[in-house]
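Biologist: Please take a close look at a single part of this model and describe it for a first-year student. Start with what lines that part, then move to what surrounds it.

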Amino acid sequence: MLSFTAGNGITGTFDNSTGILSLSGSATKANYVTALQSVKYQNTSEDPSTTQRAISWVVNDGTANSTAATSTITIATLDNDAPVLGAAGGTLAFTEGGAAAVIDSALTLTDVDDTNIE
């Protein structure tokens with residue numbers, strides 16, 4: 001996915017099916033440089049392909065397209081680390097027939113390379 005910081009009369013849309021980020025609006029060259037320099041790449045796959053990505057940049061001044069300039073993105077994968085469960089150690093004193101009670105409210109969970117637990 002590509003995104004950028006909109007502003008100064010410049011808006012944009014990303015088409016996920018084509019991979020094209022289109023910016024538009026009437027603005028100064030300096031404002032377009034700022035917008036182009038704010039373009040970000042994101043890949044949320046837990047197991048992305050490490051094939052390099054080529055980003056082609058084309059600018060149109062209302063009359064003609066520029067020649068394409070190309071940037072390359074190199075993908076590095078993480079080790080797919082296991083999640084870490086910590087801070088366990090609570091003790092629950094439970095009486096038969098008693099109300100349900102939390103076993104350990106101090107538990108923590110982290111996963112350095114994933115935002116979801118499947």
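Modeller: The largest pocket takes at least two lining residues from each of β3 (20-24), α1 (29-37) and β5 (53-57). Helices (H or I, at least four residues) and strands (E, at least two) are DSSP runs, numbered from the N terminus. The model is predicted, so local features need pLDDT of at least 70 and side-chain atom pairs pLDDT 80 or more, while totals for chains, interfaces and linings use all residues. Residues are numbered from 1 along each chain, and side-chain values use heavy atoms, without hydrogens or water.

The space in the largest pocket is about 550 Å³. It is lined by 21 residues, and Leu21, Leu23, Leu36, Val58 and Val59 are the closest to its centre. A pocket is an open set of 1 Å grid points that fit a 1.4 Å probe, with protein on both sides within 12 Å along at least five of seven lines; lining residues have an atom within 4 Å of a point. The volume is the space filled by probe spheres on points joined across faces, edges and corners. By type, the lining of the largest pocket holds 13 nonpolar residues, six polar and two charged (Asp, Glu, Lys and Arg are charged; Ala, Val, Leu, Ile, Met, Phe, Trp, Tyr, Cys and Pro nonpolar; the others polar).

Next comes β3 itself. It pairs with β2 (residues 11-15) in the antiparallel sense over five bridges (pairing needs at least two DSSP bridges). At the hairpin end, Asp15 has Ile20 of β3 as its bridge partner. Four residues lie between the two strands of this hairpin, and Gly19 there has a positive phi near 75°.

Leu21, one of the residues closest to the centre of the largest pocket, is also a member of the largest nonpolar core. The other members of this eight-residue core are Leu2, Phe4, Ile10, Ala35, Ile55, Ile73 and Ile75. Such a core joins buried Ala, Val, Leu, Ile, Met, Phe, Trp, Tyr and Cys through side-chain atoms within 4.5 Å. In soluble globular proteins, nonpolar side chains tend to be buried together.

Leaving out residues up to four places away in sequence, Ala35 touches Phe4, Ile10 and Leu23 (contact means heavy atoms within 4.5 Å). With the same omission, Val39 touches Ser3, Phe4, Leu21 and Trp57. Val39 sits in the loop between α1 and β4 (40-41). Its relative accessibility is 22%, so Val39 counts as partly exposed (buried is under 20%, exposed over 50%, with a 1.4 Å probe and protein chains only). Val39 and Ala6 are 33 residues apart in sequence, and their C-alpha atoms are 9.8 Å apart.

Ile75, in the loop between β6 and β7, is another core member. It counts as buried because its relative accessibility is 13%. Beyond four places in sequence, Ile75 touches Tyr41, Pro48, Ser49, Thr50, Thr51 and Arg53. The C-alpha atoms of Ile75 and Pro48 are separated by 7.9 Å, though their positions lie 27 residues apart along the chain as a sequence separation. Ala76 belongs to the loop between β6 (69-73) and β7 (84-86), but Ala76 is exposed because its relative accessible area is 68%.
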